[in-house]
Amino acid sequence: MSKVVKPALLIFKFQCFGGLNSSPGKNVSYSLTDCHGRGWELNLYPGGGFGSIPGNIALSIGGVSTLQLKKYTFTLAIRNSSGDVVCELELDGSSSKEILLEKCRNVMDRSQILDKEENILINGALHVDMLVQTKSQKTDLPQPSNPLASKILALCETGTDSDISFTVQNEVINAHHFILKLNAPVLAEFFQNSTTLTINDTPADVFRVALSYVYGNCEIEDATMVNFGTDLITVADKYELLELKETVENALVRNCVVSKSNVSEYILFATSKNCPMLKEYAVSFFMLNAQDVLKSDSSLQLRESAEILTELMIAMGNKFNQVAIKDSKKS
């Protein structure tokens, strides 16, 4: 059973928007349950909340405590009748309450929403999409252990008694052949007839992180793995450092690195490097945002891959069939 917590999309429909009370501070609440069984509440302030710019509407997320909120990131989007996004708001639940309030106070001009030429209202209703992404904890996804972590990491940092060396983009990094034989045999093979190896296709700081893992470092910070993500996976894949590869993949998934602007890149990358969890998450994100992604320049790479496009169409077809079956059961 997959441990990847997929993103969830909810569509809140505030009926008869033009007739809602537009006094500042007055709100209308709408509750929905997502595909994971979690209940969410979206509060609409047609006349703005306290502190809003006059004439602007406001939104706020309810139904969860401040502590629970920190586990999620949200994307709120208002679409017109053509399905195009006219206003989008990114919210990180871990941000301070003041930052969240400031972002939610001034979402969009009310007069623009009511303007018939804008075609924002759909049969008089204001539609607000809420995309929910879950920030998984390390314990939520499998974390392979490194048996040498506590024993030999210091040797990587000091280079004491080293007998081989790497020259990575003109930087010399000392190492120990017997450790590579234990934990990175593919790398060790390069030193059969030499004590030096030149590497030009990897940044030195990325290679140092990968080498530290070989020496037992199983506490690489998430920020480092997110920053060096694809480069680290590429190095791990090239030298068959399978545990490091999976560790970095987990970090990218639980930190919700996928967005509309990079989802195409991540789908292609995860496919080429055989990263199943990252691909599963990216494909799931794509299906929830397919309309917007396909209209953007970021989709050009996807369009060049007939194999990937076919796979995505099959996935979307399966999703459509599942929805149709659920709707038929309800009726």
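Helices here are DSSP runs of H or I with at least four residues, strands are runs of E with at least two, and both are numbered from the N terminus. The model is a predicted one, so to speak of a local feature takes a pLDDT of at least 70, side-chain atom pairs count only at pLDDT 80 or more, and totals for chains, interfaces and linings use all residues. Residue numbers start from 1 along each chain as its sequence is written, and side-chain values rest on heavy atoms, with hydrogens and water left out.

With that settled, a start can be made at helix α11, which covers residues 263-272. Just past α11 comes N274, whose phi is positive at about 55°. The buried residues of α11 (buried meaning under 20% relative accessible area, exposed over 50% and partly exposed in between, with a 1.4 Å probe and protein chains only) are V263, S264, Y266, I267, F269 and A270. In an α-helix there are 3.6 residues a turn, so residues three or four places apart point the same way.

Next come the sheets. Two strands are taken as paired if DSSP finds at least two bridges between them. One open sheet has 4 strands in the order β1-β8-β5-β6, with antiparallel pairing. Its edge strands are β1 and β6 (85-92), each of which pairs on one side only. Direction ignored, neighbouring strands of this sheet are turned by 20° against each other on average; axes are lines fitted to C-alpha atoms, for helices over the stretch in contact, and angles run from 0 to 180 degrees between N-to-C directions. Within the sheet, β5 and β8 (residues 126-134) are antiparallel partners over 7 bridges, and F74 has V132 as its bridge partner in β8. Helix α12 (residues 276-288) lies across β1 and β8, running at about 175° to β8.

Strand β5 spans residues 72-79 and includes T73. T73 is buried, at a relative accessible area of 15%. Leaving aside residues up to four places away in sequence, T73 touches L91, D92, G93, L131, V132, Q133 and K135, where a contact means heavy atoms within 4.5 Å.

The other open sheet has 3 strands in the order β10-β9-β11, and its pairing is mixed. At the edges stand β10 (171-175) and β11 (196-199); each has a single partner strand, so one side of each is left without a neighbour in the sheet. From one strand to the next the twist averages 20°. Strand β9 (residues 164-168) pairs with β10 in the antiparallel sense over 5 bridges, whereas 4 bridges join β9 to β11 in a parallel run. S165 stands opposite N174 in β10 and opposite T196 in β11. Helix α7 (residues 204-214) packs on this sheet and touches β9, β10 and β11, its direction making about 10° with that of β10. As for the two faces of β11, L197 and I199 are on the covered one, and T196 and T198 on the uncovered one.

Helix α7 also meets helix α9 (residues 229-238): their axes come within 10 Å and cross at roughly 55°. That angle makes α7 oblique to α9 (under 35 degrees counts as roughly parallel, over 145 as roughly antiparallel, 65 to 115 as roughly perpendicular and the rest as oblique). V206, V209 and A210 of α7 make the contact with D231, L232 and V235 of α9. Helix α9 packs in turn with α10 (residues 242-254) at an angle of about 160°, with the axes 8 Å apart; the two are therefore roughly antiparallel to each other. Here the contact is made by G229, L232, I233, A236 and D237 of α9 and L244, K245, V248, E249 and L252 of α10.

Last come the aromatic rings, with 8 pairs found in the whole structure. Rings of Phe, Tyr and Trp (its six-membered ring) pair if their centres lie within 6.5 Å; planes under 30 degrees apart count as stacked, over 60 as edge-to-face and the rest as tilted. F14 and Y30 are an edge-to-face pair, 5.7 Å centre to centre with 75° between the planes. F14 lies in β1 (residues 8-14) and Y30 in β2 (residues 28-33), so the pair ties together parts that are 16 residues apart in sequence. F14 counts as buried at 2% relative accessibility, while Y30, at 25%, counts as partly exposed. Y72 and F74 form a tilted pair, at 6.1 Å centre to centre and 45° between the planes.
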